[in-house]
Amino acid sequence: MSSDIEPMFVDCGIHGKRVAAVVCCHMLKPEGEKVGFIENSSEPNDLQAWCYKCESVYEAESGMTERFREFNKMAVVCVACYQKSKKYHAINGQ
């Protein structure tokens with residue numbers, strides 16, 4: 001899949017310089033309760049995801065309002081950490 005978006009990079013303390021991705025604060029650690037994983041972009045250079053609770057707030061707010069942003073607390077991670085979160089937090093393959 002080709003992307004029109006130029007990748008941004010982040011220097012991950014674990015994985016080194018990698019393509020950047022964004023996740024909500026609720027899935028920063030791949031441990032504990034699985035919170036779900038909703039991918040919000042199909043662009044390989046613009047990976048974004050949040051958990052089921054964030055999706056509920058997003059829907060209740062009808063978009064990315066200030067309340068949603070405060071609840072979500074988006075965090076920039078490397079693509080390897082993003083994939084690790086996806087593997088851990090996805091429930092029933094979703």
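1. What covers the buried residues of α3? In this predicted model, the cover includes the strands β2, β3 (38-39), β4 (48-50) and β5 (75-78). The helix α3 itself spans residues 79-89, and its buried residues are Ala80, Tyr82, Ser85 and His89. As a general reminder, an α-helix has 3.6 residues a turn, so residues three or four places apart point the same way.

2. The largest pocket has a volume of about 150 Å³, and its lining is made up of Glu6, Met8, Phe9, Ala20, Ala21, Val22, Asn45, Asp46, Leu47, Gln48 and Val76. Sorted by class, this lining holds 7 nonpolar, 2 polar and 2 charged residues. Strand β2, which runs over residues 16-23, gives the most to the lining, with 3 residues; β2 is also among the strands that cover the buried residues of α3.

3. The cysteines deserve a careful reading, since the count comes to 0 disulfides. For cysteine 51, the closest cysteine sulfur is that of cysteine 54, and the two sulfurs are 3.8 Å apart, which is too far for a bond because a disulfide needs the pair to be within 2.5 Å. Cysteine 51 is also buried, at 1% relative accessibility.

4. The same question can be put to another cysteine: how far is the sulfur of cysteine 78 from the closest cysteine sulfur? The distance is 3.7 Å, to the sulfur of cysteine 81, and this is again too far for a bond. Cysteine 78 counts as buried, with a relative accessible area of 2%.

Methods. Residues are numbered from 1 along each chain as its sequence is written. This is a predicted model: local features need pLDDT of at least 70, side-chain atom pairs count only at pLDDT 80 or more; totals for chains, interfaces and linings use all residues. Side-chain values use heavy atoms; hydrogens and water are left out. On a 1 Å grid over the protein atoms alone, a cavity is a set of points where a 1.4 Å probe fits but cannot get out, and a pocket is an open set with protein on both sides within 12 Å along at least five of seven lines; lining residues have an atom within 4 Å of a point. Grid points are joined across faces, edges and corners, and a volume is the space filled by probe spheres set on the points. Helices (H or I, at least four residues) and strands (E, at least two) are DSSP runs, numbered from the N terminus. Ala, Val, Leu, Ile, Met, Phe, Trp, Tyr, Cys and Pro count as nonpolar, Asp, Glu, Lys and Arg as charged, and the others, Gly among them, as polar. Buried means under 20% relative accessible area, exposed over 50%, partly exposed in between (1.4 Å probe, protein chains only). Contact means heavy atoms within 4.5 Å.
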